[in-house]
Amino acid sequence: MNIPNMAEKLMKEHAPHASVPSWAIRYAASQEGVFMVLSGMSAMDQLQDNTSYMDDFKPLSEDENEIIRQVTKIINEDTAIACTTCRYCEKDCPMSIAIPDYFALYNSASRSAMSNEILFYMNLATNHGRAKDCIACGQCESVCPQHLHIIDHLKDVSAKFDFHLLSLQKNRKQEPDLKIQGTANTRKDCKCWCFG
Ligand code: SF4
Ligand code: SF4
């Protein structure tokens, strides 16, 4: 789970050994009338983490609730696209667009000067549709539990990343004698994204 550093610092200062997800699950379980909390898990360490604090459950204290309020404010102010990476939208996208991964890169690039995000975007775009490939069919929006305007957000992603991607490809096409490392050392042999 990626949250702004400042938000994580607040939680770690209060409880150094508590995981970030533990705060979310304890928050949900602390609400009046809540009988059960369901948590998605995909690895043994997640199961062990969840059971470690739910075995002997303690509701959030008032101090901890105040930390949650501050963390919520930081996250809301710092997150351009409020995607929770559930990936429901990806499954049936006809263009195989890596929607939540692109949103995570966009959020990261919006928090500070873009560094490696464009490289990650290029890498993902080798075997997924690019943001600009969206055909606005609306399938993803119909299943998004956060009711995000995915089609509009993908336009923002495209404006941030596709321009750089196309520029890089164009520049490389203007280098006729460019050699690359590995077994493919000519433009004809190259099967990756870099020559389009
Ligand atoms: S609207 Fe775009 S991103 Fe969403 S499913 Fe259709 S093609 Fe994929
Ligand atoms: S369905 Fe919505 S919240 Fe879930 S990964 Fe897709 S965009 Fe993000």
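## Helices α5 and α6

The axes of helix α5 (residues 99-111) and helix α6 come within 10 Å and cross at roughly 170 degrees. The model is a predicted one. An angle over 145 degrees counts as roughly antiparallel, and α5 and α6 are therefore roughly antiparallel to each other. On the α5 side the contact is made by Asp-101, Tyr-102, Leu-105, Ser-108 and Ala-109. On the α6 side the contributing residues are Glu-117, Phe-120, Tyr-121 and Leu-124. Sorted by class, this contact has 6 nonpolar, 1 polar and 2 charged residues.

Helix α6 covers residues 117-125, and its buried residues are Glu-117, Tyr-121 and Ala-125. These three lie on the same side of α6, because the arc they cover around the axis is only 70 degrees. Glu-117 and Tyr-121 are buried and also take part in the contact with α5.

## The chain as a whole

The chain has 8 helices and 0 strands. Read from the N terminus, the order of elements is α-α-α-α-α-α-α-α. Of its 196 residues, 15% count as buried. Among contacts between residues at least 6 apart in sequence, 66% join residues at least 24 apart.

## Leu-10 in helix α1

Leu-10 sits in helix α1, which spans residues 5-14. Leu-10 counts as partly exposed because it has 17 C-beta neighbours inside 10 Å, whereas 20 or more are needed for a residue to be buried.

Apart from neighbours within four places in sequence, Leu-10 is in contact with Ile-67, Gln-70 and Val-71. Ile-67 is 57 residues away from Leu-10 along the chain, yet their C-alpha atoms are separated by 7.0 Å. Helix α4 is the run 62-78.

## Surroundings of ligand 1

Ligand 1 is surrounded by 15 residues, and the closest are Cys-93, Cys-134, Cys-137, Gln-139 and Cys-140. Two elements, α7 (139-143) and α8 (150-173), give two or more residues to this shell. Helix α8 supplies the largest share, 3 residues.

By class, the shell around ligand 1 is made up of 13 nonpolar and 2 polar residues, with no charged ones. Cysteine counts as nonpolar in this division.

## Surroundings of ligand 2

Around ligand 2 there are 14 residues. The closest are Cys-83, Cys-86, Cys-89, Pro-100 and Cys-144. The shell divides into 10 nonpolar, 3 polar and 1 charged residues.

Pro-100 is among the closest residues to ligand 2, and helix α5 takes in residues 99-111. Cys-144 is also among the closest residues to ligand 2, while helix α7 is the run 139-143.

## Two loop residues with positive phi

Arg-87 is found in the loop between α4 and α5. Its phi is near 70 degrees, a positive value in a residue other than glycine. Arg-87 counts as exposed because it has 12 C-beta neighbours inside 10 Å, and the cut-off for exposed is 12 or fewer.

Ala-136 lies in the loop between α6 and α7. Phi of Ala-136 is near 60 degrees, again a positive value in a residue other than glycine. With 12 other C-beta atoms within 10 Å, Ala-136 is exposed.

Notes
Residues are numbered from 1 along each chain as its sequence is written. Chains are lettered from A and ligands numbered from 1 in the order in which they are written. This is a predicted model: local features need pLDDT of at least 70, side-chain atom pairs count only at pLDDT 80 or more; totals for chains, interfaces and linings use all residues. A residue is near a molecule or strand if its C-beta atom, placed from the backbone, lies within 6 Å of it. Helices (H or I, at least four residues) and strands (E, at least two) are DSSP runs, numbered from the N terminus. The arc is that of the directions from the helix axis to the C-beta atoms. Two residues are in contact if their C-beta atoms, placed from the backbone, lie within 7 Å. Axes are lines fitted to C-alpha atoms, for helices over the stretch in contact, and angles run from 0 to 180 degrees between N-to-C directions. Angles under 35 degrees count as roughly parallel, over 145 as roughly antiparallel, 65 to 115 as roughly perpendicular and the rest as oblique.
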